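Visitor: I would like to go through this model with the criteria laid beside the values. Could we begin with the structure itself?

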Amino acid sequence: MKNKGMLSVTAFSLLLVVMSACSTSRVANPDGGKNVKISGTWTVQDIDFEGITGKVKVSVFDDAPYTCFIGSQWNLIASGNGSYTLPSGQDCNAGERTIFWGVQTENGVPTFMFKKMPGGVKPAKITDGYKLTVKSVTANSLVLQDDINFEGKTVYINYHLTK
């Protein structure tokens, strides 16, 4: 009987550790609204910049020029698995990229994070990833902001997505 109780406590403790290690697929709206589920299929409708004027050439996510991401489709499964697919275009390497994603709050700010998962590598084996601030979110729209170093200064890229 003693072992059965200890097993239950151990199993419960393990469950708590697993649950706390998982990130959520829901995010608190930065504008103070209710939590919004961001899992699902999203399409990048537009990308704009803050801190840069004129035409710029910027590659993002160590992948392709930012223009290749306009029209890209992001499939975010609630389990944390997912992918993004770049459309065909000039200088674009079209196709699907597998990712592992999540949303966490850092210093009170919701942050969308993802790692690219090449060749079926497990997420724990990948140390590099990307963090984007969730600027706004509703059931059908999402704005993510990335800060990058451009010509020696910090500038911001805003990704506007819709479901």
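Visitor: Which residues do ring pairs link into a cluster?

Guide: Ring pairs join Phe61, Phe69, Trp74, Tyr84, Trp101, Phe112, Phe114, Tyr130 and Tyr159 into a cluster. This is a predicted model, in which local features need pLDDT of at least 70 and side-chain atom pairs count only at pLDDT 80 or more, while totals for chains, interfaces and linings use all residues. Residues are numbered from 1 along each chain as its sequence is written, and side-chain values use heavy atoms, with hydrogens and water left out.

Visitor: What makes two rings a pair, and how many aromatic pairs does the rule give?

Guide: Rings of Phe, Tyr and Trp (its six-membered ring) pair if their centres lie within 6.5 Å, and planes under 30 degrees apart count as stacked, over 60 as edge-to-face and the rest as tilted. By this rule the count is 13 aromatic pairs.

Visitor: Why is the pair of phenylalanine 49 and tyrosine 66 called edge-to-face?

Guide: The ring centres of phenylalanine 49 and tyrosine 66 are 4.8 Å apart and their planes stand at 90°, so the pair is edge-to-face. The pair links distant parts of the chain, since phenylalanine 49 belongs to strand 3 and tyrosine 66 to the loop between strand 5 and strand 6 (73–76), 17 residues apart. Strands here are DSSP runs (E, at least two residues), numbered from the N terminus.

Visitor: What makes the pair of phenylalanine 112 and phenylalanine 114 tilted?

Guide: The centres of phenylalanine 112 and phenylalanine 114 are 6.0 Å apart, with 45° between the planes, and the pair is tilted.

Visitor: How do you know whether phenylalanine 112 is buried or exposed?

Guide: Buried means under 20% relative accessible area, exposed over 50%, and partly exposed in between (1.4 Å probe, protein chains only). Phenylalanine 112, with 2%, is therefore buried, and phenylalanine 114, also listed at 2%, counts as buried. Phenylalanine 49 is buried at 19%, and tyrosine 66 is buried at 15%.

Visitor: What is notable about phi in phenylalanine 61 and aspartate 62?

Guide: Phenylalanine 61 has a positive phi near 55° in a residue other than glycine, and aspartate 62, which is not a glycine either, has a positive phi of about 50°. Phenylalanine 61 is placed in the loop between strand 4 (59–60) and strand 5 (64–65), where aspartate 62 is found as well. Phenylalanine 61 counts as buried because its relative accessibility is 5%, whereas aspartate 62, at 68%, counts as exposed.

Visitor: What makes an enclosed space a cavity, and which residues line the largest cavity?

Guide: On a 1 Å grid over the protein atoms alone, a cavity is a set of points where a 1.4 Å probe fits but cannot get out, and lining residues have an atom within 4 Å of a point. The search of the whole structure finds one cavity of 30 Å³ or more, and the largest cavity holds about 50 Å³ of space, a volume being the space filled by probe spheres set on grid points that are joined across faces, edges and corners. Its lining consists of Val44, Phe61, Trp74, Phe112, Phe114, Leu132, Leu144, Tyr159 and Leu161. Strand 9 (109–116) and strand 12 are the elements that give two or more residues to this lining.

Visitor: How many strands close into the barrel, and in what order?

Guide: Eight strands close into a barrel in the order 3-6-7-8-9-10-11-12, with antiparallel pairing. Two strands pair if DSSP finds at least two bridges between them, and seven bridges join strand 3 (residues 40–50) to strand 12 (residues 153–162).

Definitions and conventions. Helix = DSSP H or I, 4+ residues; strand = E, 2+ residues; numbered from the N terminus. 1 Å grid on protein atoms, 1.4 Å probe; cavity = no way out; pocket = protein on both sides within 12 Å on 5 of 7 lines; lining within 4 Å.
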